[in-house]
Amino acid sequence: MLNNMTTDTEEGEESPNNQGDGNLKESSPFINSSVSCDVEKSQQYDGKNMALFEEEMDTSPMVSSLLSSLANYSNLPTGSKEHEEAENNEEGGRPSKKPVTAPQLGTLMGVYLPCIQNIFGVILFLRMTWMVGIGGVFGSFIIVFMCCSTTMLTAISMSAIATNGVVPAGGSYYMISRSLGPEFGGAVGICFYLGTTFAGAMYILGCIEILLIYIVPQAAIFKIEGLEGLEAEAALLNNMRVYGTIVLSFMALVVFVGVKYVNKLALVFLACVILSILAVYAGVIKTAIEPPVFPVCLLGNRTLTSKGYDICAKVIEIDNETVTTKLWRSFCDSEYLNATCDDYFNNNNVTEIQGIPGVTSGILAENLFGNYLEKGMIVEKRGLASQPDLESSASGTNRFVLADISSFFTLLVGIYFPSVTGIMAGSNRSGDLRDAQKSIPIGTIAAITTTSTTLSSDISCVVLFGACIEGVVLRDKFGEGVNGNLVIGTLAWPSPWVIVFGSFFSTCGAGLQSLTGAPRLLQAISRDGIIPFLRVFGHGKANGEPTWALLLTASICEIGIIIASLDAVAPILSMFFLMCYMFVNLACALQTLLRTPNWRPRFKFYHWALSFLGMSLCLSLMFICSWYYAIVAMGIATCIYKYIEFRGAEKEWGDGIRGISLSAARFALMRLEEGPPHTKNWRPQILVLVSTDAEQNVEQPRLISLTNQLKAGKGLTIVGTSVQGTFLDNYTEAQRADQSLRKLMEAEKVKGFPQVVVSSNLRDGTSHLIQVGGLGGLKHNTVMISWPRNWKQPEFHQQFRDFIEVVRETTVASLALLVPKNISSYPSNGERFTEGHIDVWWIVHDGGMLMLLPFLLRQHKVWRKCKMRIFTVAQMDDNSIQMKKDVITFLYHLRIDAQVEVVEMHDSDISAYTYEKTLVMEQRSQILKQMHLTKNEMEREIQSITDSSRGSIRRKKSNASRSHHSIEEGSSVAEQPEEESVAVSNSKQVQLIHSKNASTPTSPTSPTTPAGSGNTWTDYKGADKRKNLETSKDPFSMKPEWENLNQTDVRRMHTALRLNEVITKKSKEAKLVLLNMPGPPKNRMGEENYMEFLEVLTEGLNRVLLVRGGGREVITIYS
């Protein structure tokens, strides 16, 4: 025995490994003996062979413990185990109550008998003969064969699922939900629950119909005698409602008292059913030997009701005197021979035919094909001549047997199908079974086989009824033409009462079974918690009986009782059952095709093709029965599905839908590997790089908001961050960061994936994210990272260097880059802009990113009211008017609405302020590189340099404005008050071409600024036109410190200042400004200068989005 494992040595002997103090722990190199808390554990495992695995015993139990827990597994379906545990917890130290055990039923009592009772139900006894008479033997055979085939295929699928593991309470619901997921399981479970509940109503209505029509018609509260037409129909339905409510209350009380009483009654009811079936077959055999005398009276070819005549004749001879009969008095105004009679009565003879001519009579040929009737039509015999009554009134129609409903093939299917729905009766009570895996397949298949002796019973009954019984009797639903007898009872031997009482008890038993199974099904759904508002119905009595669920079931069942018509209720429950069967077959087929490792059913006689055939039959029968009921049932299931998906389905059951998702995802990923997406399908798949604080909370949450606004829930989003350290030491921090990202993404409603990387330094971690983010063809094509704050401060120098490395890596990887500046000022998802502009400054062509991003932003409700403006810059040698026309045409073809402005920038001298700004920038860089100062000293040194620079700039700028016109830079560093001179300068150097009605974007590459797709700065196009700096007339150009400046940096600063001046003037009030982002410098010596140029370029703007294309076209004019 595993739980009796001991060492090989006896207790009294001493092993060589146990020399000394005998402490096994100290002699083991795998156990950390320094931890004091391990002493107790070592004592616990002393003397056992498991010391090597001692450290893992808490998380990985010994096999003996595992097998013991499996052996003690309790399959209490109705929650008695949980109820008992809860009570013990509440009572605290008080002695626990005696454990409550649920009924442990075997295959016979738990599955076989409930299935038999439901299959040999109300439809077989009350509607089978009528169905044969209306649909004919051929049509009825097709109906029975389709329905029985559907249930047999479903039973095979259900048996495979039921034997693929333990099936607790809930039966079919449990099987579907664990195979197809909580959404499908809940939706189909509720539908099946409603079907089972309405089945209970149908059985009760059948019980009342037998009671009031065939057993004690005198018990009717609303008298039918003397009524005809709608009045008689209403009286019958009212009787059904009153007595149905009484019987329902009684049955609910029996079920409430306990399942054991239902099971005890089941044997009695089943014995009645079996006797009834045997009586029918005995009667059929007897008709072949000696057909019974069972006359039916016809007037012409019309069937007369038996209550309308005493003798099947118009007149009779008594003592040589002609006397009129009751039939005469029914059709004439007096009993005398000279009375005025109905024309049809006068023109046609009365004939008496044999109602049950017998198997050898050849009546089968007459009953072979259908004879569908409209409501109110008279039941007539085929092939019998009669004189039609052209002027007959409707007043005397109650003397003939009439069709109570309009009949057609699809109606017959809907009415008949509930008679084969008993296959789930056993699985519904799976929690009460001793071994559900064994009992469900054996009991269900045996029941269907027996009733395939209902297949042979039903199919044989179809043939035998058509071969034995006259067609007018078959079409007489309530036996009005045969003295009010149950039609199938007229065939029975030795007495019709055997069938009457047998069918009565059969319907009672089936009703009890439905009222027993439905509450347990609802309780199982409630206990799973997938539908929050149903949780109250998970509670029950101390032994787990579903009290509240029974109350709701009885209430819903009362709705079916109020409908009161058996023929109206049957198609309703057919829909719900067929939907459940369809998904059982689907579950089996999917599990088989997906070949999930856990799919190992003991029942081997299944195949996915059979399951798909069963599913197709179920779907077909749904629409054959009633297309509008089918749509309603599917609508109910869809609503429940979406509700569970939205509110409650946070469960992972390893279902088949999950497997389909994985297979579909793999297939889609493999397809994506075939090549890059076409330009028409390109959308930003964004990798958002965020940083976290010491508590692993995101420092820039507005980055996620901007991502949501840009994506509108579409495409791929990966939110990545890196944790510094080693994976072993920092795994907990990584998990905490992952949870933080998930919560933030959920709060911002961003559909995507978080990704956390642990690396020795943050720089490498970010690089790893850029390299390995995504999977296969589903990878990011765009990186978003926020502008580094406080990058000028020494302690943040590494931050901006990491930022520039990201720019370089995205360039090498041909990824687009989005850099939002002042991210904290960006709107949240809850804000709305009622007006404003999104300004695009199209300096260089980047593949169309600048055109696409504003369009995507304006799809979101935050930016929807903002208008789009596009500014492009023209040089002196550009035709600005033609350029504007080209941009408008381009935007027209792109289907993008925007205003267009072309800004002309003239060549001008480099101002003194530009030199001074460049000088301060380079001096600061040199100081930071050469001086190894403390943090505080470095800050003071930088501040002194900045202060002296500002004073020099003010003096020199003032002199320069008096001698030359220069461009004023609106930088906060400059802080100059001479606004008037700036206005004059601007008016001479910048000319604007305004367009109020223009509608759009961009054009050729403008060489004013660096090319967006290159790695380095491009030369300023006007360099060949500018004046030689050494020979300039500028009085400040001869300053010795200016002569040593890098002229490339001077030109870059000049470009940044001039562009910033124009952008600030035109887009100061814009809600968002999009700019081309220049490429990073080739060498690392100019990184600080690069940051300074970008700072100058965007100075004075509130929200700026720097955009750098990925080197490919992302927007096209073609459809």
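The following legends describe close-up views of a predicted model of one protein chain.

**Figure 1. Overview of the predicted protein chain and its secondary structure****.** The protein chain has 35 helices and 16 strands. Of its 1119 residues, 54% are buried. Among contacts with a separation of 6 or more, 80% are made by residues 24 or more positions apart. The protein chain exposes about 51200 Å², and carbon and sulfur atoms supply 56% of this area.

**Figure 2. The largest nonpolar core, with 145 residues****.** Met-202, Tyr-416 and Phe-465 are the members that touch the most other members of this core. Helix 8, which spans residues 182-215, gives the most to the core, with 20 residues. Apart from this core lies another one, of 47 residues, which includes Leu-710, Met-745, Met-849 and Val-900. In soluble globular proteins, nonpolar side chains tend to be buried together.

**Figure 3. Surroundings of Tyr-416 in the largest nonpolar core****.** When residues up to four places away in sequence are not counted, Tyr-416 touches Ile-123, Met-128, Met-131, Ile-143, Val-144, Cys-147, Cys-148 and Asp-458.

**Figure 4. Parallel pairing of strand 7 and strand 8****.** Strand 7 (residues 717-724) pairs with strand 8 (residues 753-759) in the parallel sense, over seven bridges. One of the positions shown is Val-723, whose bridge partner in strand 8 is Val-758. Between the two strands the chain passes through helix 25 (residues 731-747), and the resulting β-α-β crossover is right-handed.

**Figure 5. Salt bridge between Glu-366 and Lys-381****.** The structure holds 15 salt bridges. In the one shown here, the closest N and O atoms of Glu-366 and Lys-381 are 3.1 Å apart. Both residues lie in the loop between strand 5 (350-354) and helix 13 (409-416), so the pair ties together parts that are 15 residues apart in sequence. Glu-366 counts as partly exposed because its relative accessibility is 22%, and the lower limit of that class is 20%. Lys-381, with a relative accessible area of 13%, is buried.

**Figure 6. Salt bridge between Lys-381 and Glu-470****.** The side chains of Lys-381 and Glu-470 meet at a distance of 2.7 Å, N to O. Both Lys-381 and Glu-470 are buried. This pair links distant parts of the chain, 89 residues apart. Lys-381 belongs to the loop between strand 5 and helix 13, whereas Glu-470 belongs to the loop between helix 15 (455-468) and helix 16 (471-474).

**Figure 7. Salt bridge between Lys-477 and Asp-404, and the network around this pair****.** The closest N and O atoms of Lys-477 and Asp-404 are 3.1 Å apart. Lys-477 is in the loop between helix 16 and helix 17 (487-491), and Asp-404 is in the loop between strand 5 and helix 13. The pair thereby links distant parts of the chain, 73 residues apart. Lys-477 counts as buried because its relative accessibility is 6%, while Asp-404, with a relative accessible area of 26%, is partly exposed. Salt bridges with shared partners join Lys-477 and Asp-404 with Arg-127, Glu-209 and Asp-567 into one network.

Key: Residues are numbered from 1 along each chain as its sequence is written. This is a predicted model: local features need pLDDT of at least 70, side-chain atom pairs count only at pLDDT 80 or more; totals for chains, interfaces and linings use all residues. Side-chain values use heavy atoms; hydrogens and water are left out. A nonpolar core is a set of buried Ala, Val, Leu, Ile, Met, Phe, Trp, Tyr and Cys residues joined through side-chain atoms within 4.5 Å. Buried means under 20% relative accessible area, exposed over 50%, partly exposed in between (1.4 Å probe, protein chains only). Helices (H or I, at least four residues) and strands (E, at least two) are DSSP runs, numbered from the N terminus. Contact means heavy atoms within 4.5 Å. Two strands pair if DSSP finds at least two bridges between them. A crossover is right-handed if, with the strands pointing away from the viewer, the path from the first strand over the helix to the second runs clockwise. Accessible areas come from the Shrake-Rupley method with a 1.4 Å probe; for residues, only the protein chains shown count as cover. A salt bridge is a side-chain nitrogen of Lys or Arg within 4 Å of a carboxyl oxygen of Asp or Glu.
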